[in-house]
Amino acid sequence: MTIKVAINGYGNLGRAVERAVNAAKDMEAVAVFTRRKPETLETAGTPVYPLDQMADFEGKVDVCICCGGSATDLRTQGPAAVAYFNTVDSFDTHADIPAYFADMDAAAKNAGHSALISTGWDPGLFSIARTLTGAVLPDGYTQTFWGRGVSQGHSDAIRRIEGVEDAIQYTVPSQEAMRAVESGENPQLSTADKHSRLCYVVAAPDADKERIAREIKQMPKYFADYETTVNFISADELAREHSGMPHGGEVIRVGHTREGIKHLARFQLQLDSNPDFTGSMVTASARALVRLHEHGHQGAATVLDIPPAWYSPLSPEQLRSQLL
């Protein structure tokens, strides 16, 4: 079976998804949906259609991967797309995941479809690591660190501010906090203790930079809880010094199985390109979602609800012989 995939949105993530789908032997990219003029997009061969033609593909697409940003796009993009297709997205505003899950669950059940939300690496692979290490070492604690790297969601949130022409945001982990976690001290760390945020912003010529900086630093769920530094730079400097999109991080679980016996479990990622890796993860998740739906599932689901084998193109026999 060839899984027919639609791509909803064609920014950095959408292009990464197209590459990952084209590289998968069991998948075919059949459509890119865009709110821009289709003739302005140059894809790697996938036909482009305006969003208002999405309904024309109902029944012709196995899964639609929604590639919008979490700050504004996915809250409307997700429910709209799941009315026509099974969907996968990378919604990554952790505090809003329960509410988004409820919205997607209701919309998917109403349409008889399945929606796999919040895939990627965090939430996503890190969610699985936190769950498994916590189950294996129940007497312990977990801390997650991100960066140093570019957050697509936070960068996108800055770019939505009036007067901002372009921006990039780096999440910077605290090495001191990381060492305290590894030592077994079980430190009580706030979000500000663990990370800081470093922003580089290209402002419009007549923009109020003080207002922009204030809006960034006061943005709830993104910057308000962190030590945030805002630097205004030129478009040339942004292109020259900040064109890459590296990221990564790690989940650390410290636990005891008996007195005096300490264990440390670590899951780490070092990514040259955040969107490339996220695109590969949501593409594997699309494969898993199709299998989930084939088993009768309707409604929303997360990576924690999916058997690991369903992400892989390998057969169960190959998985047992090669990877188990």
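**Entry 1: Gly153 and its helix**

I began with Gly153, which I found in helix H5. I was working on a predicted model, and I kept that in mind throughout. Is Gly153 buried or exposed? Its relative accessibility comes out at 11%, so Gly153 counts as buried, the cut-off being under 20%.

Next I asked what Gly153 touches once residues up to four places away in sequence are not counted. I got Asp92 and Tyr222. I then checked the spacing to Tyr222: the two residues are 69 apart in sequence, and their C-alpha atoms lie 8.8 Å apart in space.

I moved along H5 to Asp156, which belongs to that helix too. Asp156 has a relative accessibility of 15%, so I put it down as buried. Leaving aside neighbours within four places in sequence, I found Asp156 in contact with Gly69 and Ala71.

Then I looked at H5 as a whole, residues 152–159. The helix is mostly covered, with 6 of its 8 residues buried. I listed the buried ones as Gly153, His154, Ser155, Asp156, Ala157 and Ile158. What covers them? I noted that the cover includes three strands, E8 (149–150), E9 (164–173) and E10 (195–203), together with helix H8 (209–217).

**Entry 2: H8, from the other side**

Since H8 had turned up in the cover of H5, I looked at H8 in its own right. Its buried residues include Arg211, Ile212, Ala213 and Ile216. Going the other way, I found H5 among the elements that cover the buried residues of H8, along with E9, E10 and strand E11 (227–232).

I also looked at how H8 starts. There a side-chain oxygen of Asp208 comes to within 3.1 Å of the backbone nitrogen of Glu210.

**Entry 3: the sheet of 4 strands**

The strands I had just met form an open sheet, and I read its order as E8-E9-E10-E11, with mixed pairing. E8 and E11 are the edge strands; each has a single partner strand, so one side of each is left without a neighbour in the sheet.

I picked out the pair E10 and E11, which runs in the parallel sense over 6 bridges. Which residue of E11 is the bridge partner of Val201? I found Phe232 there.

**Entry 4: the sheet of 7 strands**

I turned to another open sheet, this one of 7 strands in the order E3-E2-E1-E4-E5-E6-E14, and its pairing is parallel. E3 (48–50) and E14 (299–301) stand at its edges with a single partner strand each, so one side of each has no neighbour in the sheet. I noted that neighbouring strands here are turned by 25 degrees against each other on average, direction ignored.

I looked at two of the pairings. Strand E1 (residues 3–8) is joined to E2 by 6 parallel bridges, and Ile7 has Val32 in E2 as its bridge partner. I also checked E2 (residues 27–34) for burial: the strand is mostly covered, with 7 of its 8 residues buried.

Strand E4 (residues 63–66) meets E5 (residues 87–89) over 3 bridges, again running parallel. In this pair I saw Cys64 opposite Thr87 in E5. Which helix packs on this sheet and touches E5? I found helix H3 (residues 97–111), which touches E5, strand E6 (114–116) and E14, with its direction at about 140 degrees to that of E14.

**Entry 5: Arg287**

I wanted to see where Arg287 sits, and I found it in helix H10 (residues 274–294). Is this arginine buried or exposed? The relative accessible area of Arg287 is 6%, so I recorded it as buried. Outside four places in sequence, its contacts are Ile3, Ala24, Asp26, Met27, Trp310, Tyr311, Ser312 and Pro313. I noticed two links back to the sheet of 7 strands: Ile3 is in the range of E1, and Met27 is in the range of E2.

**Entry 6: the second largest pocket**

Last, I looked up the second largest pocket, which holds about 270 Å³ of space. Its lining is made up of Leu125, Ile128, Ala129, Thr131, Leu132, Phe267, Met281, Val303, Leu304, Ile306, Pro308 and Tyr311. Which element gives the largest share of that lining? Helix H4 (residues 125–136) does, with 5 residues. I had already met Tyr311 as a contact of Arg287.

Key: Residues are numbered from 1 along each chain as its sequence is written. This is a predicted model: local features need pLDDT of at least 70, side-chain atom pairs count only at pLDDT 80 or more; totals for chains, interfaces and linings use all residues. Side-chain values use heavy atoms; hydrogens and water are left out. Two strands pair if DSSP finds at least two bridges between them. Axes are lines fitted to C-alpha atoms, for helices over the stretch in contact, and angles run from 0 to 180 degrees between N-to-C directions. Contact means heavy atoms within 4.5 Å. Buried means under 20% relative accessible area, exposed over 50%, partly exposed in between (1.4 Å probe, protein chains only). A polar contact is a pair of N or O atoms within 3.5 Å; within protein, one must be able to donate a hydrogen and the other to accept it, and residues adjacent in sequence count only if both atoms are side-chain atoms. On a 1 Å grid over the protein atoms alone, a cavity is a set of points where a 1.4 Å probe fits but cannot get out, and a pocket is an open set with protein on both sides within 12 Å along at least five of seven lines; lining residues have an atom within 4 Å of a point. Grid points are joined across faces, edges and corners, and a volume is the space filled by probe spheres set on the points.
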